[in-house]
Amino acid sequence: MSANILDRFRAWFIDTFTYESGQHAADAMADVTRWGWLPALSGVAVGGEYARQSHAESAAQRSGMSG
């Protein structure tokens, strides 16, 4: 009886605190491909906003208006 409980505990412990590296690697790659483009897209959005603001400021300076 106690050997059975010990075996079950050992199996639970191993399953809980170990992992299948192949599956975790696949999950990690899926996350990278799913969310990896966000920083680049954010940079494009920030750059586009900066370009619009810079253009508006330079146009206002050429026409003599503040804005």
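**Group meeting: three helices and two salt bridges**

Okay, let me start with a single residue: glutamate 49 comes out at 44% relative accessibility, so it counts as partly exposed. Before I go on, a reminder that this is a predicted model.

So who does glutamate 49 talk to? Its partner is arginine 52, and the two form a salt bridge whose closest N and O atoms sit 3.4 Å apart. Both residues belong to helix H3, which covers residues 38-63. They are three residues apart in that helix, about one turn. Arginine 52 has a relative accessibility of 53%, and because the cut-off for exposed is over 50%, arginine 52 lands in the exposed class.

Now let me zoom out a bit. The protein has three helices and zero strands, and if you read from the N terminus, the elements go α-α-α. How much of the protein is buried? Of its 67 residues, 1% count as buried. The accessible surface adds up to about 6100 Å², and carbon and sulfur atoms account for 64% of that.

Back to the charges. How many salt bridges does a search of the whole structure find? Two. You've already met the one between glutamate 49 and arginine 52. The other joins the side chains of aspartate 7 and arginine 10, at 3.3 Å from N to O. That pair is in helix H1, and here too the spacing is three residues, about one turn of the helix.

And how accessible are those two? Aspartate 7 has 43% relative accessibility, so we call it partly exposed. Arginine 10 is at 44%, and that makes it partly exposed as well.

Let's stay on H1 for a moment, since the helix spans residues 2-17. Which residues make up the nonpolar patch on the surface? They are Leu6, Phe9, Trp12, Phe13, Ile14 and Phe17. Taken together, those side chains belong to a patch with about 660 Å² of accessible area.

Take phenylalanine 13 as an example from that patch. It is found in helix H1, and its relative accessible area is 41%. Why does it qualify for the patch? Patch members need over 30% relative accessible area, and phenylalanine 13, at 41%, clears that cut-off. With 41% it is also partly exposed, because that class runs between 20% and 50%.

So, to wrap up: three helices, no strands, two salt bridges, and a nonpolar surface patch that includes Phe13. That's what I have, happy to take questions.

Key
Residues numbered from 1 in each chain as written. Predicted model: local features only at pLDDT ≥ 70, side-chain atom pairs only at ≥ 80, totals over all residues. Heavy atoms only, no water. Patch = residues over 30% accessible without salt bridge, like charges linked within 9 Å, V, L, I, M, F, W, Y side chains within 5 Å. Areas by Shrake-Rupley, 256 points an atom, 1.4 Å probe, with all protein chains shown as cover. Salt bridge = Lys/Arg side-chain N within 4 Å of Asp/Glu carboxyl O. Helix = DSSP H or I, 4+ residues; strand = E, 2+ residues; numbered from the N terminus. Buried < 20%, exposed > 50% of the residue type's maximum accessible area, 1.4 Å probe, protein only.
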